[in-house]
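Good morning, colleagues. I would ask you to keep the structure in view while I go through its architecture, its packing and its charged pairs.

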Amino acid sequence: MLLITAGKSGTGKTTILEKLIPELKKRKLRIGTIKHHHADFEMDVPGKDSWRHKKAGAVKTVISSPNRIGIVMDVDHDHSPGELSHFLTGVDIILVEGFKGENLPKVEIFRKGAHESPLCLKDKNLIAMVTDSELDLNVPLFGLDDMKGLADLIVKTFNLQNTVQ
C-alpha cells in the first residue's frame, strides 16, 4: 500500500508525517516511508569507510550496525514509489512524501498562508485534504492537528487492521 502526501514546498508535509506516523503506530501498524528529493544528496559521511568505498568505485555500498542498515547505490533514473517499495518489505503501508505526479492515492497538505491554492484539486487520486482552510471539496477535510481522523480514514481506505478501539 502506497499513499502519497502531496503539497507545495513549505506546506508542512514532513510535519504532518511526523504527527501521522505515531498515530498509525498506535494501531500497531508497521510504517515505511519514502522521501523524494529532486536533486542529488549525500547520505554517507565524507571520509568514513563506507563513503571511501563508494568514492573508490563501488556501485552499491551497505553499511550495517546492530541497530540499522543503510544502502547507498548508483541509479540510472529517478525511481518511482513502486520501484522503491521493494526496499520496504514487512510494512503495512508506505507513506510517500513527494512524487505528487504519481498515479497513486494522495493526501494533500495545504496551508492558506503558504500558498494561494491547493495543488491536487483535479487529481482523481486525492482521497483527503489536510488544511487550515475552509474548502468545498468532494474529499474529507482534516485540520492540521487531526491525525486521529486522518489515520482512521487511512485505515478504512486501505482496509488495514485497526487494533485501536
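**Charged pairs, cores and one helix**

I begin with a single acidic residue: Asp74 is partly exposed, its relative accessible area being 47%. I should say at once that what you see is a predicted model. Asp74 forms a salt bridge with Lys54, side chain to side chain, at 2.5 Å from N to O. This pair connects distant parts of the chain, since Lys54 sits in helix H2, residues 49–56, and Asp74 in the loop between strand S4 (69–73) and helix H3 (81–84), 20 residues apart. Is Lys54 buried or exposed? With a relative accessible area of 16%, Lys54 is buried, whereas its partner Asp74 is partly exposed.

Let me now step back to the overall fold. The protein chain holds four helices and eight strands. Read from the N terminus, the order of elements is β-α-β-α-β-β-α-β-β-β-β-α. Along the principal axes, the C-alpha atoms occupy a box of roughly 55 × 40 × 25 Å. The chain has 165 residues, and 36% of them count as buried. If we take the contacts between residues at least 6 apart in sequence, 54% join residues at least 24 apart.

I turn to the interior. The largest nonpolar core has 22 residues, and those touching the most other members are Leu3, Leu20, Leu24, Val130, Leu150 and Ile154. At least two residues of this core come from each of helix H1 (13–25), strand S5 (93–97), strand S6 (106–110), strand S7 and helix H4 (147–157). Which element gives the most to this core? The answer is H4, with six residues. Another core lies apart from this one; it has 13 residues, including Ile94, Phe110, Cys120 and Leu126.

Leu24 deserves a closer look. Setting aside residues up to four places away in sequence, Leu24 touches Leu29, Ile31, Leu95, Ala151, Ile154 and Val155.

Leu24 belongs to helix H1, and I should like to examine that helix next. H1 comprises 13 residues and extends 18 Å from its first C-alpha to its last, close to the 18 Å expected at 1.5 Å a residue. Its buried residues are Lys13, Ile16, Leu17, Leu20, Glu23 and Leu24. Viewed down the axis of H1, these buried residues fall within an arc of 130°, and they therefore line one face of the helix. On the other side of H1, Glu18 and Lys25 are exposed. As for what the buried residues pack against, their partners are strand S1 (2–6), strand S2 (31–35), S5, S6, S7 and H4.

Strand S7 brings me to one polar residue. Thr131 is found in S7, which covers residues 126–131. Thr131 has 6% relative accessibility and so counts as buried. Its side chain reaches the backbone nitrogen of Ser133 at 3.0 Å. Apart from neighbours within four places in sequence, Thr131 is in contact with Phe110, Leu141, Phe142, Gly143 and Leu144. Of these contacts of Thr131, Phe110 is a member of the 13-residue core.

Finally, I return to the charged pairs. How many salt bridges does a search of the whole structure find? It finds nine. One of them joins the side chains of Asp145 and Lys19, at 2.8 Å from N to O. Asp145 lies in the loop between strand S8 (141–142) and H4, while Lys19 lies in helix H1, so the pair ties together parts that are 126 residues apart in sequence. Asp145 is exposed, with a relative accessible area of 68%; Lys19, at 30% relative accessibility, counts as partly exposed.

A further salt bridge, between the side chains of Lys148 and Asp152, spans 3.2 Å from N to O. Both residues of the Lys148 and Asp152 pair lie in helix H4, four residues apart, about one turn of the helix. Asp152 counts as partly exposed, at 29% relative accessibility. Through salt bridges that share partners, Glu23, Lys26, Arg27, Lys148 and Asp152 are joined into one network. Within that network, Glu23 is one of the buried residues of H1, and Lys148 and Asp152 belong to H4.

I thank you for your attention.

Technical notes:
Residues are numbered from 1 along each chain as its sequence is written. This is a predicted model: local features need pLDDT of at least 70, side-chain atom pairs count only at pLDDT 80 or more; totals for chains, interfaces and linings use all residues. Side-chain values use heavy atoms; hydrogens and water are left out. Buried means under 20% relative accessible area, exposed over 50%, partly exposed in between (1.4 Å probe, protein chains only). A polar contact is a pair of N or O atoms within 3.5 Å; within protein, one must be able to donate a hydrogen and the other to accept it, and residues adjacent in sequence count only if both atoms are side-chain atoms. Contact means heavy atoms within 4.5 Å. A nonpolar core is a set of buried Ala, Val, Leu, Ile, Met, Phe, Trp, Tyr and Cys residues joined through side-chain atoms within 4.5 Å. The expected span of a helix is 1.5 Å times one less than its number of residues. The arc is that of the directions from the helix axis to the C-beta atoms. A salt bridge is a side-chain nitrogen of Lys or Arg within 4 Å of a carboxyl oxygen of Asp or Glu.
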